[in-house]
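Please find below my comments on the aromatic contacts and on one glutamine, set out as numbered points.

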Amino acid sequence: MLFSPLYCFLVLGYIRMYCSSLEFVLKLYLISLPAFPLCLVMAATAFNGCVGTIKSNGHIRNSTFHQECGNSSFRLTSKGYKINLEISGKERYCSRKRGFCVIQASSSQTVVSDQVSTPLKSTKVDTPKKSSEAALILIRHGESLWNEKNLFTGCVDVPLTKKGVEEAVEAGKRISNIPVDMIYTSALIRAQMTAMLAMTQHRRKKVPIVLHNESEQAKSWSQIFSEETKKQCIPVTTAWQLNERMYGELQGLNKQETADKYGKEQVHEWRRSYDIPPPNGESLEMCAERAVAYFKEHIEPQLQAGKNVMIAAHGNSLRSIIMYLDKLTSQEVISLELSTGIPMLYIVKEEKYIRRGSPPAPSEAGVYAYTKNLARYRQKLDEMIH
């Protein structure tokens, strides 16, 4: 065997021919060498004040020996391991990091060694994947003033009615026991009102804070300088990509009067077809392109990182996202109806979206909506309050 005890002494004797009063650093990179600890101890006792360091590293195939007498350095490479010998008259190096063995020798030939935690043989350890679970809440905004008047709203920025406010509050009660780490809304006030009103009912009592990143000044002026306060806040991101689809020349028109003018079938086609837009407006397909693209780029990574997300948006932008989550066809999505102010819960686990229905109000049983993690979260809330 190449590194027998006798061979170690021969190598060290060879070094001694070039240098006296040695203080050296021995760095050993090995994969498998059962007899080596004994050899290293013997080598260490051959000199006064020497330090050896063992570190596991790759695999060297070809056997070579290299020496540089002028610099007092030696490099010995062998099949399965590699040795660097560097001569230094001043510096003493000793590592106690995990995975290292440190051996010291003095004139009395006393040896002190730390336990070696690096295995001598290369072994592969399979670490289990961490299973992250996150909640995704989808809420269509409460009734708006133009919903009440039966007008095509689209991207016109209209607030909620009194009924819409009540629907948003009721939605908040339904999700009051579900964790929310981040909120995304459209750029329209009715969706933002719904999100804010819903969070007033959450038992965690965190405050939703709208992020203003439209300019450096807006970002600077809206900074929070208390770390403790930041922990009690929920960031709210507004995005135009989550807006209702743009109804073009139908916006502001009465739905019944429009049906009388263009015919019920034509209006139904504009409203419920997948790829036919109203005059100068968006089709559901066009709305889905922007809404789903935003979801994939900005929201999905947060969910996969374990963040619990709430999205407050609109009928068509949410239908588009549900089409993606549930893998619906274009024919299936056009028949999907979403009620105002009714939240829908998904559990995100192992990159899969599992629909759990609509969370029940606190007075109802409906355990179907909760997973074990959500049940534990609710229990923690109970403990905090009581």
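The points below take the ring pairs in turn and then move to a helix residue.

1. The model is predicted, and the remarks that follow should be read with that in mind. The count of aromatic pairs comes to five.

2. In one of these pairs, the ring centres of Phe152 and Tyr247 lie 5.4 Å apart with the planes at 45°, so the arrangement is tilted. This pair joins distant parts of the chain, 95 residues apart, since Phe152 belongs to the loop between α3 (145-148) and α4 (162-174), while Tyr247 belongs to the loop between β11 (233-238) and α8 (255-262). Phe152 and Tyr247 are both buried.

3. For Tyr262 and Trp270, the ring centres are 5.1 Å apart and the planes stand at 70°, so this pair is edge-to-face. The two partners fall into separate burial classes: Tyr262, at 39% relative accessibility, counts as partly exposed, whereas Trp270, at 8%, counts as buried.

4. Phe152 has a further neighbour to consider, because Lys255 lies over the face of its ring, at 5.8 Å from the ring centre, within the 6 Å limit applied to such a charge. Elsewhere, Phe295, Tyr324 and Tyr353 form one aromatic cluster.

5. Is Gln192, a residue of helix α5 (residues 189-199), buried or exposed? Its relative accessible area is 19%, and because buried means under 20%, Gln192 is assigned to the buried class. Leaving aside residues up to four places away in sequence, Gln192 touches Thr185, Ser186, Ala187 and Thr238.

Technical notes. Residues numbered from 1 in each chain as written. Predicted model: local features only at pLDDT ≥ 70, side-chain atom pairs only at ≥ 80, totals over all residues. Heavy atoms only, no water. Phe/Tyr/Trp six-rings, centres within 6.5 Å; stacked < 30°, edge-to-face > 60°. Helix = DSSP H or I, 4+ residues; strand = E, 2+ residues; numbered from the N terminus. Buried < 20%, exposed > 50% of the residue type's maximum accessible area, 1.4 Å probe, protein only. Lys NZ or Arg CZ within 6 Å of the ring centre and 35° of its normal. Contact = heavy atoms within 4.5 Å.
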